[in-house]
Amino acid sequence: MTLAAPTLDHVDLRTPEILAAIEPDHERILITTGPRSGLTIIVAVHSTRLGQALGGARMWTYAHWTDALADALRLSQAMTLKNAAAGLLRGGGKAVIRVPVGTAVTPELKRQAMLDLGDAVASLGGAYMTAEDVGTSADLMAIVAERTEHVCGLPAEQGGVGEPADATAAGVHAGIVATVAELFGSESLDGRHFCIAGLGQVGGRLARSLARAGARLTLSDVVPSKRELADELGAAWVEPEDAHRVVADVFVPCGLGGVLTPETIAELRVRAVVGAANNQLSSRESAALLAERGILWAPDFVVNGGGVIYLDLASVPGADEALVGERVGAIGETLAGVYRESAARGITTLAAAERLAFARLDAAR
């Protein structure tokens, strides 16, 4: 399996170059126009070697449909690694719904798009199960369920397990604890300084859990009203463009991907980077640059796996909630193993995490 360099999480105007860099070893790629919504829907099934592909459905504004394609290809590859590293019997896939620039996303358009997504997922005959992601929600997944059974994360009142943000945040928290232990020899977060960039569903929850653990926080978000959370928690505030320059123990990216570029890495003033954002590295070389600077990077597809663990395990009838919580918490142990492998072999943490995921995929051959 060959993995391409990570790309930005959302719009990237270098799409021709990005598509040329991706080695598409996907099992299936579906590109269709929704008959109701008129929107381009892309479902990329990267691998079903471990089982049915599982990955969220993202509805986002892209300048061109090929931007959405590039996102779907890379994100579905990342889901294969995420699910394998989490020890799930799930493959990797992703759905992307392209909203053209300037399109008003009305409730009716969302409903039409979700029905179209449901038909697209159903056409794959069970190869892929979808869930919520950026731009979608548990309530929207309930609409998808009108057209296919291959969807999870429905609202609790409709028999589903709801959105996975709590579990994702808990997994990142466990990863932060493991990283602090690796750096300082103690799991205590009391007095440690964290800069969180992005205060959405996961970042906001993470800020609260770190504050409860006694951490010192600097917060940032592109939405100015999010500053209210900083005031509530007694945290400092910094503008988004300066978040990566904050002097802290750990930088915690929880917004857009692609944040770790050569330029931003050169300006980091932290000991480690641990965050919920997908595709944090702008290229594979960024992992080596971080290592050269002595900055410990927690591979995102390991750290942010709590959501898929929750969706997979909690969706089983009679699921043991305690066991689900243990599996999410075990992300910290998995990450500690990645750090040990990286140090023992003299390789980047990215390479060490990929070795873990590939070993589990190879064992399923």
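**Questions on a predicted model**

Q: In which helix does Arg74 lie?
A: Arg74 lies in the helix that spans residues 65-85. The model is predicted. The element in question is helix 2.

Q: Is Arg74 buried or exposed?
A: A residue counts as buried under 20% relative accessible area. Arg74 has a relative accessible area of 7%. Therefore Arg74 is buried.

Q: How many Å separate the C-alpha atoms of Arg74 and Tyr339?
A: Along the chain, Arg74 and Tyr339 are 265 residues apart. In space, their C-alpha atoms are separated by 24 Å.

Q: How many helices and strands are in the protein chain?
A: Both kinds of element occur in the protein chain. The counts are 14 helices and 12 strands.

Q: Why does the radius of gyration of the protein chain agree with a compact globule?
A: The protein chain has 365 residues. For that number, a compact globule would have a radius of gyration near 21 Å. The two values agree because the protein chain has a radius of gyration of 19 Å.

Q: What box do the C-alpha atoms of the protein chain fill?
A: The box is taken along the principal axes. Its dimensions are roughly 55 × 50 × 45 Å.

Q: What percentage of contacts between residues at least 6 apart in sequence join residues at least 24 apart?
A: Take the contacts in the protein chain between residues at least 6 apart in sequence. Among these, the share that joins residues at least 24 apart is 66%.

Q: Which helix gives the most residues to the largest nonpolar core?
A: The largest nonpolar core has 62 residues. Ile176, Phe194 and Leu268 are among those with the most contacts inside it. The helix that gives the most to this core spans residues 165-184 and supplies 7 residues. That is helix 5.

Q: How many residues are in the second, separate core?
A: This core includes Ala95, Ile143, Val151 and Leu154. Its size is 26 residues.

Q: Which Val residues is Phe194 in contact with, leaving aside neighbours within four places in sequence?
A: Phe194 has several contacts of this kind, including Ile176, Leu189, Leu210 and Arg216. The Val residues it contacts are Val180, Val250 and Val252.

Q: How many residues of helix 11 are buried?
A: Helix 11 spans residues 306-314 and is mostly covered. Its cover includes helix 2, helix 5 and strand 3. Val308 and Asp312 are among its buried residues. The count is 8 of 9.

Q: Which residues of helix 11 does Leu54 contact?
A: Leu54 has its place in strand 3. At 1% relative accessibility, it counts as buried. Strand 3 is part of what covers the buried residues of helix 11. The contacts of Leu54 include two residues that are buried in helix 11, Val308 and Asp312.

Q: How far apart are the C-alpha atoms of Leu54 and Tyr128?
A: Leu54 and Tyr128 are 74 residues apart along the chain. Tyr128 is also among the contacts of Leu54. Their C-alpha atoms are separated by 5.9 Å.

Q: Is Ala122 buried, exposed or partly exposed?
A: Ala122 lies in helix 3. Buried means under 20% relative accessible area, and exposed means over 50%. Ala122 has 35%, so it is partly exposed.

Q: Which residues does Ala122 touch, not counting residues up to four places away in sequence?
A: Gln158 is 36 residues from Ala122 in sequence and 20 Å away, C-alpha to C-alpha. The residues that Ala122 touches are Arg147 and Thr148.

How values were computed
Residues numbered from 1 in each chain as written. Predicted model: local features only at pLDDT ≥ 70, side-chain atom pairs only at ≥ 80, totals over all residues. Heavy atoms only, no water. Helix = DSSP H or I, 4+ residues; strand = E, 2+ residues; numbered from the N terminus. Rg over C-alpha atoms; globule rule 2.2 N^0.38 Å. Contact = heavy atoms within 4.5 Å. Core = buried A, V, L, I, M, F, W, Y, C linked by side-chain atoms within 4.5 Å. Buried < 20%, exposed > 50% of the residue type's maximum accessible area, 1.4 Å probe, protein only.
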